[in-house]
Structure formats: structure tokens, C-alpha cells
Amino acid sequence: MSESPELLSKLQKTTADVFYVSPLIRITLLLLYVALTSPLPFLSNFTHAAIPASWLSVGLAIGFVFLYGALSDRVILDDRGIRLEYPRWFPTFLRKGWSLSWQDIKALKPRITGQGGIVYYFVSKDSDRAYLLPMRVVGFARLVKQVEEQTGIDTRDVRPLAQPWMYLILLVFTLLLLLMDSWTIYTATTF
């Protein structure tokens, strides 16, 4: 049984495209958190710090879960608009998602960051609110192309803030830091 071209077109438009945070970015940032915090409970014991290592471990584990949740956002594009969502288990008081219909998007405005990079914000027709264009997703070029198709906004100059090679360099240095952490933990537990 073959479907008519109109029905196929309608089905394709009602399906949503979902864009997740790049695994390279997620793994790098999670490993960096582990590398920066894992020696702390051991050093707390070694130096007889006022905060017990068990409390510190619990706090660091909670911090890891929050970071994981913050890196679990997803961008959803469908025929109605674009929205940013977080997993249901992630507390809404920490990160709120947003939603914009295609008709409500007036422009895509660039802003310079404190480090000299450029980020882009969706500007809504109905309010002065701006919504950050998610740039850490897999398939960013496809996301931007779909935004251009739906809104008519010229997106030729829109580029991701960080290139993959930047995160690869950070990942390499994070792995080196984890090696150093192993030595620190070994030293703290054997002396």
C-alpha cells in the first residue's frame, strides 16, 4: 500500500527533529568535573579537614547529577516551533526550558561573549525576551538550516561557538589531569 505524496509530506512535517548535546562535549565536561573534584574527599581525610570526606563525597555526587542533568537538554523542532527541554527528573527550579512558535520569532541576533565569541539569541515579536540558540548540539548545521527554512532568517553567518577540536584538546588535558588525580589519590591513601 503506497502513501500519497501529500500524506507523506504531512507526516514528515508533523514529526519532530530532536537535537541532543554533543557526546564529545558531555563526556569532556563530565570527566573534567570528575578530574577536578575526585581527589577532594581523599585530600580531606589526608589533611584532617573540618568537613568529613563522606559529606564531601555526597555533595560532589549531587553536583555530578546536576551537571549531568544540565547537559541532558535537548532541542526539539517541529512544524509548530522550536523548544528546549530538560529531562523530567531534572528540577525545574534549576533550569527552565523554553518554547517559541515559528511565527513568534522576529530575528536571530548575535551577541559577543566575555571571551570574545559570538552567541545568537532568538528575539520574539511579542516581547523583549531573548532565547539562546543552543550551539552544543549534534547536527547544529541541520538545526540552523531548519530554522532558516521555517523563519526566513538568513543564517549563513551562524557558526557554533566552540569547534570540536577545542573539546578534543580539553579532553586530552582532562585525561592527563585524571592521571595526576590517580597519583594524588594513591599518595593520599598510602601515607
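## Salt bridges, sheet and helices

Asp78 counts as buried, since its relative accessibility is 7%. The model in which this residue is placed is a predicted one. The side chain of Asp78 meets that of Arg80 in a salt bridge, with 3.0 Å from N to O. Arg80, in contrast to its buried partner, counts as exposed, because its relative accessibility is 58%. The pair does not stand alone: Asp78 and Arg80 belong to a network of salt bridges that also links Arg74, Arg83 and Glu85. In total, eight salt bridges are counted in the model.

Another of these ion pairs is formed by Asp73 and Arg136, whose closest N and O atoms are 3.8 Å apart. This salt bridge links distant parts of the chain, for 63 residues separate its two members: Asp73 lies in the loop between helix 4 and strand 2, and Arg136 in the loop between strand 7 (130-132) and helix 5. Their surroundings may be described in turn. Asp73 has a relative accessibility of 7% and therefore counts as buried. Arg136, at 29% relative accessibility, counts as partly exposed, because that value falls in the range between the 20% limit for buried residues and the 50% limit for exposed ones.

A third ion pair is found within a single helix. Lys145 and Glu149 both belong to helix 5, where a spacing of four residues places them about one turn of the helix apart. Their side chains meet in a salt bridge of 3.4 Å, N to O. Glu149 is exposed, as its relative accessible area of 55% shows.

The sheet comes next. Strands of a sheet pair through backbone hydrogen bonds, and the pairing may be parallel or antiparallel. Here four strands make up an open sheet with antiparallel pairing, arranged in the order 1-2-3-4. Strand 1 (17-20) and strand 4 (98-101) are the edge strands, each of them paired on one side only. From one strand to the next, the twist averages 15 degrees. Strand 1 runs antiparallel to strand 2 (residues 74-77), and four bridges join the two. Within this pairing, Val18 stands opposite Ile76 of strand 2. Helix 5 (residues 140-151) packs on the sheet, where it touches strand 1, strand 2 and strand 3 (81-85). The direction of helix 5 makes about 140 degrees with that of strand 1.

The nonpolar interior can now be considered. In soluble globular proteins, nonpolar side chains tend to be buried together. The largest nonpolar core of this model has 26 residues, and those that touch the most other members are Val75, Leu77, Ile82, Phe122, Leu133 and Leu143. At least two residues of this core come from each of strand 2, strand 3, strand 4, strand 5 (105-112), strand 6 (118-124) and helix 5. Helix 5 supplies the largest share, four residues. The contacts of Ile82 illustrate this part of the model. Beyond its neighbours within four places in sequence, Ile82 is in contact with Val75, Ile76 and Leu77, with Trp98, Ser99, Leu100, Trp102 and Ile105, and with Phe122 and Val147.

Helix 4 and helix 3 remain to be described. Helix 4 (residues 53-70) contains 18 residues and reaches 25 Å from its first C-alpha to its last, close to the 26 Å expected at 1.5 Å a residue. Its buried residues are Ala53, Leu60, Gly69 and Ala70. These pack against helix 2 (23-37) and helix 3 (39-47). In helix 3, the buried residues include Pro39, Pro41 and Ser44. The elements covering the buried residues of helix 3 include helix 2, helix 4 and helix 6 (164-190).

Leu43 is also found in helix 3. This residue counts as partly exposed, because its relative accessibility is 31%. Not counting residues up to four places away in sequence, Leu43 touches Thr184 and Ala188. Leu43 and Leu71 are 28 residues apart in sequence, and their C-alpha atoms are 28 Å apart in space. After helix 3 comes His48, which has a positive phi near 55 degrees.

Conventions
Residues are numbered from 1 along each chain as its sequence is written. This is a predicted model: local features need pLDDT of at least 70, side-chain atom pairs count only at pLDDT 80 or more; totals for chains, interfaces and linings use all residues. Side-chain values use heavy atoms; hydrogens and water are left out. The expected span of a helix is 1.5 Å times one less than its number of residues. Buried means under 20% relative accessible area, exposed over 50%, partly exposed in between (1.4 Å probe, protein chains only). Contact means heavy atoms within 4.5 Å. Two strands pair if DSSP finds at least two bridges between them. Axes are lines fitted to C-alpha atoms, for helices over the stretch in contact, and angles run from 0 to 180 degrees between N-to-C directions. A salt bridge is a side-chain nitrogen of Lys or Arg within 4 Å of a carboxyl oxygen of Asp or Glu. A nonpolar core is a set of buried Ala, Val, Leu, Ile, Met, Phe, Trp, Tyr and Cys residues joined through side-chain atoms within 4.5 Å.
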